[in-house]
Amino acid sequence: PLIEPILKEKGIPDDFKYLALAESGLNPRAISPAGAVGFWQFLDVTAKEYGLEVNKEVDERYNVEKSTYAFCAFLRESYNKYKSWTLAAASYNGGITRVQKQIDRQKMHNYYDLLFVDETQRYVFRITALKLILENPEQYNFVVGDNEKYQVIKTRELEIKGSINNFADFAIENGINYKLLKDFNPWLRDDKLTNATGKKYKIKIPVLNW
């Protein structure tokens, strides 16, 4: 529900939501051995290149919506270069430069005709397999009752323009606790927000019926 509307807004095929699953298992706190972070597994340098803020207090790679917009920007740029969604996916895994190097070396312009390293070679097939299973789970003997599925929890947004000295106090003032604040805003990486420049941030507060 968070990813799909953004993909649609930016003209990215809906099936690319399964790329996030392939990258991170939809774990917003996923960190790779190389230091890639979040749903879309952005490296620090790439994240900043596509407009995400990354520092010790704020890391927008953990912000699902903002990182999805960054992903869409990368993928659109890659698609505009290759005119191929499969090559765009391959470039997200292996890098635009490496994919272009193989196109130049092998003189082929189709993902399925190109030889890549193993991870990139099977990348599109991995995404496709995830799509097939999740769209038809019972066919593959995955039976999950409705009572076992994660439910979407409603949130309200608070716009912050200044600093927050203590997120524990801030959470309590807004009727939740520090843990819930961080669960719904994993991009907040410290226990405070300095925000010396007065930037606007939107913090999600879960609406709970306690």
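In this predicted model, Y140 sits in the loop that runs between α8 and β1, and because its relative accessibility is 34%, above the 20% that bounds the buried class and not over the 50% that marks an exposed residue, Y140 counts as partly exposed. Together with L132 and F142, Y140 forms a nonpolar patch on the surface, and the accessible area of the three residues together is about 280 Å².

The loop between α2 and α3 holds two residues with notable backbone angles. Most residues other than glycine have a negative phi. L26, which lies in the loop between α2 and α3, nevertheless has a positive phi of about 55° although it is not a glycine, and with a relative accessible area of 40% L26 is partly exposed. Q41 is placed in the loop between α2 and α3 as well, and its phi, near 55°, is likewise positive in a residue other than glycine; Q41, however, counts as buried, at 12% relative accessibility.

L26 also belongs to the account of the pockets. The largest pocket has a volume of about 2,000 Å³, and among its 39 lining residues P1, L2, L26, F39 and Y150 lie nearest its centre. At least two lining residues come from each of the helices α1 (3-9), α2 (17-24), α4 (64-82) and α10 (178-184), and from each of the strands β1 (155-160) and β2 (201-206). The lining of this pocket comprises 21 nonpolar, 5 polar and 13 charged residues.

The second largest pocket, with a volume of about 800 Å³, is lined by 31 residues, and those nearest its centre are S91, Y92, N93, G94 and G95. Its lining draws at least two residues from each of α2, α3 (44-49), α5 (85-94), α6 (96-106), α7 (118-121) and α8 (123-135), with α6 giving the most, namely 6 residues. By class, this lining has 15 nonpolar, 10 polar and 6 charged residues.

Side chains of opposite charge can pair when their charged atoms come close. A search of the whole structure finds 14 salt bridges, and the table gives the closest N to O distance for some of them.

| Salt bridge | N to O distance |
|---|---|
| D183 and R29 | 3.3 Å |
| K48 and D44 | 3.3 Å |
| K204 and E65 | 2.4 Å |

The salt bridge between K204 and E65, at 2.4 Å from N to O, joins strand β2, where K204 lies, to helix α4, which holds E65, so the pair ties together parts that are 139 residues apart in sequence. K204 is buried, with a relative accessible area of 15%, whereas E65 counts as partly exposed at 21% relative accessibility.

D183 and R29, whose closest N and O atoms are 3.3 Å apart, link distant parts of the chain, with D183 in helix α10 and R29 in the loop between α2 and α3, 154 residues apart. Both residues are partly exposed: the relative accessible area is 32% for D183 and 39% for R29.

The salt bridge between K48 and D44 lies within one element, because the two residues are 4 residues apart in helix α3 and are therefore separated by about one helical turn. K48 is partly exposed, with a relative accessible area of 46%, and D44 counts as partly exposed at 32%. Beyond these pairs, E53, E60, K66 and K199 are linked in a network of salt bridges.

Technical notes:
Residues numbered from 1 in each chain as written. Predicted model: local features only at pLDDT ≥ 70, side-chain atom pairs only at ≥ 80, totals over all residues. Heavy atoms only, no water. 1 Å grid on protein atoms, 1.4 Å probe; cavity = no way out; pocket = protein on both sides within 12 Å on 5 of 7 lines; lining within 4 Å. Points joined across faces, edges and corners; volume = space filled by probe spheres on them. Nonpolar A, V, L, I, M, F, W, Y, C, P; charged D, E, K, R; others polar. Patch = residues over 30% accessible without salt bridge, like charges linked within 9 Å, V, L, I, M, F, W, Y side chains within 5 Å. Areas by Shrake-Rupley, 256 points an atom, 1.4 Å probe, with all protein chains shown as cover. Salt bridge = Lys/Arg side-chain N within 4 Å of Asp/Glu carboxyl O. Buried < 20%, exposed > 50% of the residue type's maximum accessible area, 1.4 Å probe, protein only.
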